[in-house]
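Visitor: I am new to protein structures, and I would love a close look at one part of this one. Could you walk me through it slowly?

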Amino acid sequence: MAETPLADVFVEMADTLVDDFDVIEFLHVLTERCVELLGVSAAGLLLTDQRDTLQLVAASSERTRLLELFQLQTDQGPCLDCFRSGQPVSVADLTLATARWPRFTAAAAEVGFAAVHALPMRLRSEVIGALNLFDVRPGALDEDKLRIGQALADVATIGLLQHRAIHRRDILTEQLQTALNSRVLIEQAKGVLAERLQVDVGQAFAILRDGARSRNRRLSELSQAIVDGSEQLVPGLVTHRSG
């Protein structure tokens, strides 16, 4: 059963209607809500930058992040095909797709994923990325869950594009570039915390997010402070979310 009711998730997605929202946090929440609502094992999100090149922006787990990066590096995989075609790509059993994506299927098997369902982030003819759902169990995602997943991708896409329209400039490009710059900072902060606290990078990211939320700070701002040493995070003083 989903931990967060569907209606609450769509209200959460409407956060993009406010003038100043944290893009990175918004997209991470989107991947986590997909996992909760759709019963998949993990989710990742790829978006285009100002040169129309796909970049990894959010992932619900570290192994998903690594697999998404591998897709981008090898230029091969169902998520890239989804973005290029603007159509959903579902693979219920990756062992049957080794001829189509030999390197991706091998990498997915290595991290334990058996199925993938990629959904386009598209508004009419404009495709800005792909929302990718991964499962450790082979099998098709039922039609109702696919519709919900596509609806979440559509709402997020509309929110990002609407924000651009409000400001009458190419805000989306700026947002994505800012998000990508923030991503670099966050990765650096994760590494600093992992080394300092002797935890893995997944735990380091959870500590970082909890720290940002408890301080009402943007992830990128706190990450910058962690990297330059102006702020410290003490896990025992951080409130962790359950689940």
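Visitor: Which residues have the most contacts inside the largest nonpolar core? Please start there and then show me the sheet and the helices.

Guide: Happy to! Please keep in mind that this is a predicted model.

The largest nonpolar core has 45 residues, and those with the most contacts inside it are Leu27, Leu30, Cys34, Leu47, Leu133 and Leu208. Helix α2, which covers residues 23-38, gives this core its largest share, 9 residues. Let's pick out Cys34 and look at what surrounds it. Leaving out residues up to four places away in sequence, Cys34 touches Gly39, Val40, Ala43, Leu131, Leu133 and Leu152. Apart from this core lies another one, of 22 residues, with Leu54, Leu94, Phe113 and Phe134 among them.

Now step back for a moment to see where these pieces sit. The protein chain holds 9 helices and 5 strands, and along the sequence they follow the pattern α-α-β-β-α-α-β-α-β-β-α-α-α-α. The chain has 243 residues, of which 48% count as buried. Among its contacts with a separation of 6 or more, 61% are between residues 24 or more positions apart. As for the outside, the accessible surface comes to about 11500 Å², and 52% of that belongs to carbon and sulfur atoms.

Next, the sheet. This open sheet has 5 strands in the order β2-β1-β5-β4-β3, and their pairing is antiparallel. Its edge strands are β2 (54-59) and β3 (89-91), each of which pairs on one side only. From one strand to the next, the twist averages 20°.

Let's walk across it, beginning at β2. Although β2 is an edge strand, it is mostly covered, with 5 of its 6 residues buried. Strand β1 (residues 42-48) pairs with β2 over 5 bridges, in the antiparallel sense. You can find one place where they meet at Thr48, whose bridge partner in β2 is Leu54. Leu54 is also one of the residues of that other core of 22.

Further along the sheet, β5 (residues 126-135) and β4 run antiparallel and are joined by 9 bridges. Here Arg122 has Val127 in β5 as its bridge partner. The hairpin of β4 and β5 has 2 residues between the strands, and in this hairpin Arg124 takes a positive phi near 55°. Strand β4 is mostly covered too: 7 of its 9 residues are buried.

At the other edge, β3 is joined to β4 (residues 115-123) by 3 bridges, and the two run antiparallel. Two pairs are worth finding on your screen. Val89 has Ala118 in β4 as its bridge partner, while Val91 stands opposite Val116 in β4.

From the sheet, we can turn to a helix with contacts around here. Helix α6 covers residues 143-167, and Gln150 lies in it. Setting aside its neighbours within four places in sequence, Gln150 is in contact with Pro88, Leu119 and Pro120. Gln150 counts as buried because its relative accessibility is 14%, and the cut-off for buried is under 20%. Arg122, which we met in the hairpin strands, is 28 residues from Gln150 in sequence, and the two are 9.5 Å apart in space, C-alpha to C-alpha.

Another helix to visit is α4 (residues 78-85), where Pro78, Cys79, Leu80, Cys82 and Phe83 are buried. After α4 comes Gly86, whose phi is positive, near 75°. You may wonder about the two cysteines in this helix. A search of the whole structure finds 0 disulfides. Cys79 is in none, and the nearest cysteine sulfur, that of Cys82, is 7.3 Å away. Because a disulfide needs sulfur atoms within 2.5 Å, the 7.3 Å between the sulfurs of Cys82 and Cys79 is too far for a bond. Both cysteines are hidden from the surface: Cys79 is buried with a relative accessible area of 0%, and Cys82 is likewise buried at 0%.

Let's finish with helix α9 (residues 219-228), where Ser223 is found. At 0% relative accessibility, Ser223 counts as buried. Not counting residues up to four places away in sequence, Ser223 touches Leu185, Ile186, Ala189 and Leu208. That brings us back to where we began, as Leu208 is one of the residues with the most contacts inside the largest nonpolar core.

Note on methods:
Residues numbered from 1 in each chain as written. Predicted model: local features only at pLDDT ≥ 70, side-chain atom pairs only at ≥ 80, totals over all residues. Heavy atoms only, no water. Pairing = 2+ DSSP bridges. Helix = DSSP H or I, 4+ residues; strand = E, 2+ residues; numbered from the N terminus. Axes fitted to C-alpha atoms, helices over the stretch in contact; angles between N-to-C directions. Buried < 20%, exposed > 50% of the residue type's maximum accessible area, 1.4 Å probe, protein only. Core = buried A, V, L, I, M, F, W, Y, C linked by side-chain atoms within 4.5 Å. Contact = heavy atoms within 4.5 Å. Areas by Shrake-Rupley, 256 points an atom, 1.4 Å probe, with all protein chains shown as cover.
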